[in-house]
Amino acid sequence: ATGRATSDSIILTAPASAQTVPFNLSCVTGGTPVTDSKSITFTGTVGPGSVDLVVSPSTVSVNAPITLNWTSTGTTGCTPTGGSGTGWPSQGALGTNGSRVINAPSNPGIVPFGITCTTSSANVSDSESVTVTDITDCSSVPLPPGISGFANRTWSTFNGGAQFPLPYSANENFNVTRGQGLRIAISPTIPTNGDSPNGAVTYNENSIVGRAGFMTISRCPGDFRLNVLNTPAGCDGVFVPCTNKCHSGSEAMGLLSLNFRLQGTNTNACNMTAGAQYYVNIHFGGTSTPGPGGAFCAGAQCAIIGGTQELFNREAVAIKWLGGDMLGLSDPEPRVISYPVTAPNALPE
């Protein structure tokens, strides 16, 4: 038709039979009209090949599993595209048909996933998008045996507005009542002052009697589900390594500690996502015997003291203990031990 705009686009339907069709365009000027033409050859074939990518579910929580299935025809190989923040781009060369399960990104948003397959004459592609949300369902998390409720605290409130894990080595005192628990809301943030984003949460029982306690780091408040927070289920971080360890139990005997990472991942550590909402949960239970079903606080209250330590490890704490610093509040100093020269063969006590 005539009267079209000087710049525009239009979508047409190819003819039903194989043929070569010329397309002509003439534009009016102040003088002589200007023209252009192109010819397109329609071969009558559907195309060199096809690929179909199906991603499910279409909406997931951060770090949740995503399944990608693809099928193709007339192709010789495929490669992944998109999937920023996931393991999809690193899958390398893919078969012409296949399936992968990867984890969603650690940050919410809309993530496009794509695949491109090679044919004898051209490439064919397909893509789908997934909506990643930061919603965690905590409605079914049960209270631990012997625990009737929790005292609520917020990390930034008692640390002068600083976000977890800062400040390092700044210890706070808390009282955990028998039959009650403590949950501290944290919003992990990558430090911008050069401090490490990885370390440990440590709490020592402020008592001469070492009793058993339980501590977790969870997206849910008051969450002590051992087989959920430590993965794979049944791992202990000692004899059986954990890919994710966010539950510390009675093996601590008064020293509660959980290594954490905000950057990268590591075994036997609680691998967290910066910017997400978490809780540090602590309780000493109300039962008479320490154990997985409930820890034990002999008195009306159990006093604990602690916070975060930068680049923490149990060996460093052992050195501090040997140096006489039972709470691990100061840096370890070398100890010089001398023995009497009059008894060179005597064994030191």
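Phenylalanine 158 and phenylalanine 174 are both buried in this predicted model. The two rings meet edge-to-face, with 5.2 Å from centre to centre and 75° between their planes. Their pairing joins distant parts of the chain, since phenylalanine 158 belongs to helix α1 (residues 155–158) and phenylalanine 174 to strand β11 (residues 172–177), 16 residues apart. Both residues also take part in a wider grouping: Trp155, Phe158, Phe164, Phe174, Tyr203 and Phe260 make up one aromatic cluster.

In total, the model holds seven aromatic pairs. Another of them brings together tryptophan 70 and tryptophan 88, again edge-to-face, at 5.9 Å between centres and with an angle of 65° between the planes. Tryptophan 70 sits in strand β5 (residues 65–73), while tryptophan 88 is in the loop between β6 (77–82) and β7 (98–103), so this contact of rings ties together parts of the chain that are 18 residues apart in sequence. How far are these two side chains covered, then: are tryptophan 70 and tryptophan 88 buried or exposed? Tryptophan 70 has a relative accessible area of 2%, and because the cut-off for burial is under 20%, tryptophan 70 counts as buried. Tryptophan 88 is buried as well, at 0%.

Tryptophan 70 leads on to isoleucine 115, a residue of strand β8 (residues 109–118). Isoleucine 115 is buried, with a relative accessible area of 0%. In sequence, isoleucine 115 and tryptophan 70 are 45 residues apart, yet their C-alpha atoms lie 8.3 Å apart in space. Tryptophan 70 is also one of the residues that isoleucine 115 touches, once residues up to four places away in sequence are set aside. The list of these partners further includes Val51, Leu53, Cys78, Thr79, Thr81 and Leu94, along with Val124, Ser125 and Asp126.

A further link across the sequence involves isoleucine 305, which is placed in strand β21 (residues 301–310). With a relative accessibility of 11%, isoleucine 305 counts as buried. Isoleucine 305 and asparagine 175 are separated by 130 residues in sequence, but by 8.8 Å in space, C-alpha to C-alpha. Asparagine 175 falls within strand β11 (residues 172–177), the strand that holds phenylalanine 174.

The overall figures set these local details in context. The protein contains three helices and 21 strands. Of its 349 residues, 36% are buried. Among contacts with a separation of 6 or more, 67% are between residues 24 or more positions apart. The accessible surface of the protein is about 19500 Å², and carbon and sulfur atoms account for 54% of this area.

Attention turns next to the pockets. Which residues lie nearest the centre of the largest pocket? They are Val62, Asn63, Asn244, Asn271 and Tyr278, out of a lining of 37 residues. The volume of this largest pocket is about 930 Å³. Its lining receives two or more residues from each of β14 (214–218), α2 (226–229) and β19 (270–271). Tyrosine 278 has a charged neighbour too: arginine 219 lies over the face of its ring, 5.2 Å from the ring centre.

Notes. Residues are numbered from 1 along each chain as its sequence is written. This is a predicted model: local features need pLDDT of at least 70, side-chain atom pairs count only at pLDDT 80 or more; totals for chains, interfaces and linings use all residues. Side-chain values use heavy atoms; hydrogens and water are left out. Rings of Phe, Tyr and Trp (its six-membered ring) pair if their centres lie within 6.5 Å; planes under 30 degrees apart count as stacked, over 60 as edge-to-face and the rest as tilted. Helices (H or I, at least four residues) and strands (E, at least two) are DSSP runs, numbered from the N terminus. Buried means under 20% relative accessible area, exposed over 50%, partly exposed in between (1.4 Å probe, protein chains only). A charge sits over a ring if NZ of Lys or CZ of Arg is within 6 Å of the ring centre and within 35 degrees of the ring normal. Contact means heavy atoms within 4.5 Å. Accessible areas come from the Shrake-Rupley method with a 1.4 Å probe; for residues, only the protein chains shown count as cover. On a 1 Å grid over the protein atoms alone, a cavity is a set of points where a 1.4 Å probe fits but cannot get out, and a pocket is an open set with protein on both sides within 12 Å along at least five of seven lines; lining residues have an atom within 4 Å of a point. Grid points are joined across faces, edges and corners, and a volume is the space filled by probe spheres set on the points.
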